[in-house]
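This report introduces the structure shown below to a reader who has not met it before. It takes up one annotated residue, then a helix and the cores, and ends with the confidence of the model.

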Amino acid sequence: MPSTLVAIVDDHEVVREGVRLVSMTSQADVKLVGSSDSVSTLLDQLGRDPDNPALTARGAKRIECDVVLLDLSLEDRSRPATNVERLRSAGMKVLIFSIGENAALIREALRAGALGLVRKSEPLEHAIEEARNIADGKPVITKELAAAIDGDVEFSRAALSPREQETLRLYASGFAQVQVARRMGIKQSAVKTNIDRIREKYARIGRPAPTKIDLRIRAIEDGLVEPEADITTAEKHL
């Protein structure tokens, strides 16, 4: 199994150094590829264009990164949502790395696409393990994260787009991805992208759906599919 490539953004040098040391001895098979006190500096370290993080900066060596441990309150006063969006546009998953006391900042980061939270009070080994879990597509749920979600009704549903809802309805009714693509008039790769996004959105609100059966359960819970629905039922809506 390949190493999980991890970076950290935290304005406390002692924290960054701690993560570096732990990553070197961790049993989770991770590699620290970046460490900085700001997202801008991290993107520069990883060879990304600051204006378009999805691109490699001119003349720079691009360094890949799977997951970024991101502190929510940085010295440069950057907003959590902006930081998460920049990192995600660079193709990186984001794990909130914070004291976990400000529910509003946690919600802001979650809305922007952060996938979980680990507390700084936990052993650093735990943060490294959870970064690996995030890279593997597993949700990271803590009581602080749950409290932030429970305090905001917007998180009770996955906020799927109309296209994502239609994809889920068909897929959860029993259609294969190629059949969903044919019925929606889109490429199979687009269906797969929709399903990946749907899973990510459910994981973000603490309702993980790693399997097709789990997605069917979520679709039933959210009223997109009737409990007795099957392919024949779904075709009546086409």
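## An annotated aspartate

In this predicted model, aspartate 71 is buried, because its relative accessible area is 5%, which falls under the 20% that serves as the limit for a buried residue. Aspartate 71 is placed in the loop between S3 and H3, and the UniProt annotation "modified residue: 4-aspartylphosphate", which comes from an unreviewed entry, covers this residue.

Which residues does aspartate 71 touch, not counting those up to four places away in sequence? They are Val9, Asp10, Asp11, Phe97, Ser98 and Lys120.

## Helix H3 and its buried side

Helix H3 spans residues 80-89, and its buried residues are Pro80, Ala81, Asn83, Val84 and Leu87. These residues cover an arc of only 165° around the axis, and therefore they lie on the same side of H3. The elements that cover the buried residues of H3 include helix H2 (39-45) and strand S3 (67-70), as well as strand S4 (93-98) and helix H4 (103-112). Just after H3, glycine 91 takes a positive phi of about 85°.

## Two nonpolar cores

The largest nonpolar core has 27 residues, of which Val68, Leu70, Leu87, Met92 and Ile96 touch the most other members. At least two residues of this core are supplied by each of strand S1 (4-9), H2, S3, H3, S4 and H4, and the largest share, five residues, comes from H4. In soluble globular proteins, nonpolar side chains tend to be buried together.

Methionine 92, when residues up to four places away in sequence are not counted, touches Leu43, Leu46, Arg48, Cys65, Asp66, Val68 and Leu87. Apart from the largest core lies another core, of 20 residues, with Leu170, Tyr171, Ile205 and Leu215 among them.

## How far the model can be read

The protein has a mean pLDDT of 85, and 85% of its residues reach 70 or more. Among the elements of the protein, S3 has the highest mean pLDDT, at 97, while helix H11 (residues 231-235) has the lowest, at 48.

Over residues 233-238 the pLDDT stays under 50, and for this stretch the model has eleven contacts beyond four places in sequence. Where pLDDT is low, the predicted coordinates should not be read in detail.

How values were computed:
Residues are numbered from 1 along each chain as its sequence is written. This is a predicted model: local features need pLDDT of at least 70, side-chain atom pairs count only at pLDDT 80 or more; totals for chains, interfaces and linings use all residues. Side-chain values use heavy atoms; hydrogens and water are left out. Buried means under 20% relative accessible area, exposed over 50%, partly exposed in between (1.4 Å probe, protein chains only). Helices (H or I, at least four residues) and strands (E, at least two) are DSSP runs, numbered from the N terminus. The arc is that of the directions from the helix axis to the C-beta atoms. Contact means heavy atoms within 4.5 Å. A nonpolar core is a set of buried Ala, Val, Leu, Ile, Met, Phe, Trp, Tyr and Cys residues joined through side-chain atoms within 4.5 Å. UniProt positions are given in the numbering used here, feature names are shortened, and annotations may be inferred rather than shown by experiment. pLDDT is the predictor's confidence in each residue, from 0 to 100.
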